[in-house]
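Welcome! Please take a moment with the sequence and the 3D view before reading on.

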Amino acid sequence: MEIQRSNLLSIFFILTLRLILAVDAEYYYNNNANNETNGSDFIRTSCGTTLYPDLCFSSLSRYAAVVGKDPAHLARAAVSLSLSKTKHMAAYVSNVTRLADYGSGATAGNPRAAAALHDCYSNFDDAVDEIRGSLRQMRHINVVGAVAGGEVFRFQMSNVQTWMSAALTDQETCTDGFEDVSDCPVKADVIDRATEVKKHTSNALALVNRYAENSVP
């Protein structure tokens, strides 16, 4: 009799646990779905203030569930994406420049193209440091922003805006450096890639500016 009662209690416990887990799973699914929908709508609206809204939404919509309706999270995601794109571009230009230094690759016999590549790498390397500094500051704002005064917040956001603006200028300087280079495949390729990265950085800066203007603690 005691064994049967023990078995019944075990079965009841298992069924109850399964019910609780099922309810929790349904709540998590519905809550996450709602966050993603709300976040997607928020990102689309926010991206409408950028110069490249379609690229902005297509590149950032994957973060909808995390962003929700938080402009700080959206700005940080955009800066993080810009950093990733800029790092990849710097690595690419570094590899092409290395080939140029050995007199091989697409710049062989084209010293102006080789010089432009060197400058471009320097520009993008600087941009990586500047965007990394921006992202570090954005993360710090997320930690202390709730208790910081308005002046502290404005100072921190001013740093982010200054570094992101400098990064965009460096990226533009890279493409400007190819103006006196005769048309060649490496010129077209670098400019196309750099232009794409500039769009992401421009969008990130626009979202940072929007957050700074509308979110003084």
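Here is a short briefing on an enclosed space, some charged pairs and a few individual residues.

Please keep in mind that this is a predicted model. The structure holds 1 cavity of 30 Å³ or more, and it also holds 4 salt bridges. Three of the bridges are described below, with notes on how exposed each partner is.

**The cavity**

- How much space lies in the largest cavity? The volume comes to about 50 Å³.
- Which helices each supply at least two residues of its lining? They are helix 2 (53–60), helix 4 (71–101) and helix 7 (185–214).
- Helix 7 gives the most to this lining, with 4 residues.
- If you would like to find the cavity in the 3D view, select its lining residues: Cys56, Ser59, Leu60, Ala78, Leu81, Ser82, His200, Asn203, Ala204 and Leu207.
- By character, the lining of the largest cavity divides into 6 nonpolar and 4 polar residues, with no charged ones.

**Salt bridges within a helix**

- As background, side chains of opposite charge can pair when their charged atoms come close.
- In helix 5 (residues 111–144), Asp129 and Arg132 are 3 residues apart, which means about one helical turn separates them.
- The side chains of Asp129 and Arg132 meet in a salt bridge, at 3.4 Å from N to O.
- Asp129 has a relative accessible area of 47%, so this residue counts as partly exposed.
- Arg132 is also partly exposed, because its relative accessibility is 32%.
- Helix 6 spans residues 150–176, and here Glu151 and Arg154 are likewise 3 residues apart, or about one helical turn.
- Glu151 forms a salt bridge with Arg154, and their closest N and O atoms are 2.7 Å apart.
- Is Glu151 buried or exposed? With a relative accessible area of 57%, Glu151 is exposed.
- Its partner Arg154 has a relative accessible area of 40% and is therefore partly exposed.

**A salt bridge with a buried partner**

- Asp183 and Lys187 are joined through their side chains in a salt bridge, with an N to O distance of 3.4 Å.
- Asp183 has a relative accessible area of 70%, so this end of the pair is exposed.
- Lys187 has a relative accessible area of 12%; buried residues are those under 20%, so Lys187 is buried.

**A buried polar residue in helix 6**

- Where does Asn159 lie? Asn159 is found in helix 6.
- Why does Asn159 count as buried? The reason is its relative accessibility of 18%, because the limit for a buried residue is under 20%.
- The side chain of Asn159 makes a polar contact with the side chain of Gln137, at 3.1 Å.

**Apart in sequence, together in space**

- Asp126 belongs to helix 5.
- Asp126 is partly exposed, since its relative accessible area is 34%.
- How many residues apart in sequence are Asp126 and Gln171? They are 45 residues apart in sequence, while their C-alpha atoms are 9.1 Å apart in space.

Methods:
Residues are numbered from 1 along each chain as its sequence is written. This is a predicted model: local features need pLDDT of at least 70, side-chain atom pairs count only at pLDDT 80 or more; totals for chains, interfaces and linings use all residues. Side-chain values use heavy atoms; hydrogens and water are left out. Buried means under 20% relative accessible area, exposed over 50%, partly exposed in between (1.4 Å probe, protein chains only). A polar contact is a pair of N or O atoms within 3.5 Å; within protein, one must be able to donate a hydrogen and the other to accept it, and residues adjacent in sequence count only if both atoms are side-chain atoms. On a 1 Å grid over the protein atoms alone, a cavity is a set of points where a 1.4 Å probe fits but cannot get out, and a pocket is an open set with protein on both sides within 12 Å along at least five of seven lines; lining residues have an atom within 4 Å of a point. Grid points are joined across faces, edges and corners, and a volume is the space filled by probe spheres set on the points. Ala, Val, Leu, Ile, Met, Phe, Trp, Tyr, Cys and Pro count as nonpolar, Asp, Glu, Lys and Arg as charged, and the others, Gly among them, as polar.
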